[in-house]
2 protein chains.
Amino acid sequence: MDAIGFERHDHSSCIRAGLDAVEQSCAERGLQLTPVRRRVLELLLEGHRAMGAYEILDILRKEGMGSQPPVAYRALDFLVSHGFAHKIERLNAFIACMHPGEDHTPAFLICRACDAVAEAHADPARGFLGQAVRETGFVVEQAVVEAVGLCPRCAGTRA
Amino acid sequence: MDAIGFERHDHSSCIRAGLDAVEQSCAERGLQLTPVRRRVLELLLEGHRAMGAYEILDILRKEGMGSQPPVAYRALDFLVSHGFAHKIERLNAFIACMHPGEDHTPAFLICRACDAVAEAHADPARGFLGQAVRETGFVVEQAVVEAVGLCPRCAGTRA
DNA sequence: TTGATATATGTAACCATATAACATATCAAG
DNA sequence: CTTGATATGTTATATGGTTACATATATCAA
């Protein structure tokens, strides 16, 4: 398990790296990273935070890339279903994946003070779900872990 | 970690037990288990599944216990905030807690075929979040684990 | 037992999130 | 170049949740 998202970083290079990884992944898998899809991913990477579908839609609208909800939702569905972005259920919002291409079960750390979200990853097979699954015979296909609390910065400023 | 929810059980006694536990807990903590709150808890226990706020509201309406969304949401907020029920973010729905009174971090196993939900519990301190938290300094206050897949019965009938 | 404060309910109006349905356009392969 | 699959545009609507404000009920202290 490792985590990134609260540290400072070279943001413009992280946007480029994210786009590059997804472009490559799409090329390999024969997926179409169309202008709208690409722009939505870029917005998520630029924002580096969880963004609502309507917030994204507003930006698309201003840029003349479609003005109705399905435009945003379809692009987001594409990104989420191929693992290039994740939905934070707790916030009804979306965030770019920090490990595109890698098969992983994300775990999100959501700061309730500044709304920053860090993506860690958890192994669903062992530890937190393994035992319950073995006991019941439940077949896990997908798992979501969302923790709410205070990020290091916000925890520090109030301590 | 243990799990209940997919097994057959004596349902009327499980409803009674749930109500009794919450009644006692409210008495001890000076909380008011008003008629609406009590009825909503009863509905969740009877249904023994995740129910939407508007589904609950429809029933309350028929029974003359309030007809507007805030009535249902307020009762649900009360139950959730005191640990007597949980919200399943993934389904935008609510379910009675199977361990009322006990301090716990629930983990939900959601069957995508029959919509049954089982509540297991996970220890957030060790295992699935412990390492990420230690690495980042994030302070976890609350965590949600939701797994989607097939329950034993549904997995069996398709195998 | 009365008055003050906190807690709970009732209701109207509204905002936010998400999808259905259908028409049109573009792409990819034979 | 045409056929089938994939992607987009747009209208309308469904679903989930909150704000705001008026009224009622409980709690407790004087």
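## A:Ala75 and its surroundings

Let's begin at one small residue, A:Ala75. Setting aside neighbours within four places in sequence, A:Ala75 is in contact with A:Val36, A:Arg37 and A:Val40. A:Ala75 itself belongs to helix 4 of chain A. Is A:Ala75 buried or exposed? Its relative accessible area is 3%, and a residue under 20% counts as buried, so A:Ala75 is buried. Please keep in mind, here and below, that this is a predicted model.

The chain also brings A:Ala53 into the picture. A:Ala75 and A:Ala53 are 22 residues apart along the chain, and their C-alpha atoms are separated by 9.8 Å.

## Helix 2 of chain A

A:Val40, one of the contacts of A:Ala75, is also one of the buried residues of helix 2 of chain A. This helix covers residues 35–47, which makes 13 residues. From its first C-alpha to its last it reaches 18 Å, close to the 18 Å expected at 1.5 Å a residue.

Which residues of helix 2 of chain A are buried? They are A:Arg39, A:Val40, A:Leu41, A:Glu42, A:Leu43, A:Leu44 and A:Leu45. These buried residues pack against helix 1 (11–29), helix 3 (53–62) and helix 4 (69–81) of chain A, and also against strand 2 (85–88) and strand 3 (93–96) of that chain.

## A view from helix 1

A:Leu19 shows the packing from the side of helix 1 of chain A, where this residue is placed. With a relative accessibility of 2%, A:Leu19 counts as buried. Beyond its neighbours within four places in sequence, A:Leu19 is in contact with A:Arg38, A:Leu41, A:Glu42 and A:Leu45. Three of these names, A:Leu41, A:Glu42 and A:Leu45, are also found among the buried residues of helix 2 of chain A.

How far apart in space are A:Leu19 and A:Glu42, C-alpha to C-alpha? The distance is 7.1 Å, while in sequence the two are 23 residues apart.

## Two residues with positive phi

Here is a little background on backbone angles. Most residues other than glycine have a negative phi. A:His48 is not a glycine, yet its phi is positive, about 50°. This residue follows helix 2 of chain A and is found in the loop between helix 2 and helix 3 of that chain.

Chain B offers another example in B:Asp115, a residue other than glycine with a positive phi near 70°. B:Asp115 sits in the loop between strand 4 (105–111) and strand 5 (117–122) of chain B. With a relative accessible area of 48%, B:Asp115 is partly exposed.

## Around DNA strand C

Now to the DNA. There are 15 residues around DNA strand C, and the closest are A:Tyr54, A:Tyr73, A:Lys87, B:Thr34 and B:Arg74. Of the atoms of DNA strand C that come within 4 Å of the protein, sugar and phosphate account for 44%.

What does the side chain of A:Tyr54 reach? One of its polar atoms lies 2.6 Å from a base nitrogen of DNA strand C. Phosphate oxygens of this strand are approached by polar side-chain atoms of A:Tyr73, at 3.0 Å, and of A:Lys87, at 2.5 Å. The elements giving two or more residues to this surface are helix 4 of chain A and helix 4 of chain B. By class, the surface near DNA strand C has 7 nonpolar, 5 polar and 3 charged residues.

## Around DNA strand D

DNA strand D has 14 residues around it, of which A:Thr34, A:Arg74, B:Tyr54, B:Tyr73 and B:Lys87 come nearest. Among the atoms of this strand within 4 Å of the protein, 47% belong to sugar or phosphate, and the rest belong to bases.

A:Arg74 has a side-chain N or O atom 2.5 Å from a base nitrogen of DNA strand D. From chain B, a polar side-chain atom of B:Tyr73 is 3.0 Å from a phosphate oxygen of the strand, and a side-chain N or O atom of B:Lys87 is 2.5 Å from a phosphate oxygen. Helix 4 of chain A and helix 4 (69–81) of chain B are the elements that give two or more residues to this surface. Its residues divide into 7 nonpolar, 4 polar and 3 charged.

## How the two chains are related

Finally, what rotation superposes chain B on chain A? It is a rotation of 180° with 0.0 Å of shift along its axis, and the RMSD is 0.1 Å. That is the relation of a two-fold axis. The same surface serves both copies, as 100% of the contact residues of chain B recur in chain A. Of the residues of chain B, B:Val145 comes closest to the rotation axis, with its C-alpha at 2.3 Å.

Definitions and conventions. Residues are numbered from 1 along each chain as its sequence is written. Chains are lettered from A and ligands numbered from 1 in the order in which they are written. This is a predicted model: local features need pLDDT of at least 70, side-chain atom pairs count only at pLDDT 80 or more; totals for chains, interfaces and linings use all residues. Side-chain values use heavy atoms; hydrogens and water are left out. Helices (H or I, at least four residues) and strands (E, at least two) are DSSP runs, numbered from the N terminus. The expected span of a helix is 1.5 Å times one less than its number of residues. Buried means under 20% relative accessible area, exposed over 50%, partly exposed in between (1.4 Å probe, protein chains only). Contact means heavy atoms within 4.5 Å. A residue is near a molecule or strand if one of its heavy atoms lies within 4 Å of it. A polar contact is a pair of N or O atoms within 3.5 Å; within protein, one must be able to donate a hydrogen and the other to accept it, and residues adjacent in sequence count only if both atoms are side-chain atoms. Ala, Val, Leu, Ile, Met, Phe, Trp, Tyr, Cys and Pro count as nonpolar, Asp, Glu, Lys and Arg as charged, and the others, Gly among them, as polar. Copies are superposed by least squares on the C-alpha atoms of residues with pLDDT of at least 70 in both.
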